[in-house]
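Visitor: Before we go through the cysteines, could you set out the terms you rely on and reason from them step by step?
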Amino acid sequence: MATPRQRSRWISLGLMACLAYLQPGHAEPFVGRFETTGQGCRYTLSEGESGDCRVVQMDGRSATVLGIRFIGRGAVRGASRSLTFVATTSGQGSPLSCHLGRCRLSAASWSGSVSSVSEAAYDADGIAEGVPKAWPAKQGSCKLEAQQIRCRADVVSGEQLDAQAKL
């Protein structure tokens with residue numbers, strides 16, 4: 001059984017290892033978020049409702065998985081709606097270059113297959129309005145070309161969801 005002094009040393013060593021990992025200079029090549037105001041941002045939600053969006057977020061989740069969220073205004077001032085596509089790449093890697101959770105777009109072109117889509121609505125206080133909707137995609141893709149991102153997917157319920165924006 002370890003003495004209190006030995007436990008204290010182990011805890012100190014563990015904390016030092018964590019701090020060393022978080023030191024500036026440590027790069028996380030694809031985990032983090034890139035966010036921008038999208039120009040000409042449009043989306044089509046479930047039930048065929050179309051609208052303008054204003055923010056595009058790209059979340060690097062792993063070397064091969066990317067979440068692409070299009071965020072627009074909700075029904076009342078301050079409320080928002082979002083449409084998120086989860087795309088996987090096939091050997092191409094992430095279009096993001098990240099450091100300490102902050103990312104920049106580092107690829108001129110990229111494409112991925114959409115595995116799922118979700119839709120959510122939030123009130124002016126950021127509280128979810130109901131349960132978010134989510135669907136597996138039967139087929140779909142996201143493409144980045146010429147500083148424009150476009151995602152589309154056919155979901156199992158038969159609906160087509162899509163979004164696009166100039167970054």
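Guide: A residue is called buried when its relative accessible area is under 20%. The model shown here is a predicted one.

Visitor: Why is Cys103 called buried or exposed, whichever applies?

Guide: Cys103 has a relative accessible area of 13%, and because the cut-off for buried is under 20%, Cys103 counts as buried. Its partner in a disulfide is Cys98, which is buried with a relative accessible area of 5%.

Visitor: How do you know that Cys98 and Cys103 form a disulfide?

Guide: Their sulfur atoms are 1.9 Å apart, and because a pair of cysteine sulfur atoms within 2.5 Å is called a disulfide, Cys98 and Cys103 form one. With 100° about the S-S bond, this link of Cys98 and Cys103 is right-handed.

Visitor: What makes the disulfide of Cys41 and Cys53 left-handed?

Guide: The torsion about the S-S bond of Cys41 and Cys53 is about -95°, so this disulfide is left-handed. The pair links distant parts of the chain, with Cys41 in strand β2 (residues 39-44) and Cys53 in strand β3 (residues 50-60), 12 residues apart. Cys41 counts as buried at 4% relative accessibility, and Cys53 counts as buried at 7%.

Visitor: Why is the disulfide of Cys142 and Cys151 right-handed or left-handed?

Guide: For Cys142 and Cys151 the torsion about the S-S bond is about 120°, so the disulfide is right-handed. The S to S distance between Cys142 and Cys151 is 2.1 Å. At 0% relative accessibility Cys142 counts as buried, and Cys151, at 0%, counts as buried too.

Note on methods: Residues numbered from 1 in each chain as written. Predicted model: local features only at pLDDT ≥ 70, side-chain atom pairs only at ≥ 80, totals over all residues. Heavy atoms only, no water. Helix = DSSP H or I, 4+ residues; strand = E, 2+ residues; numbered from the N terminus. Buried < 20%, exposed > 50% of the residue type's maximum accessible area, 1.4 Å probe, protein only.
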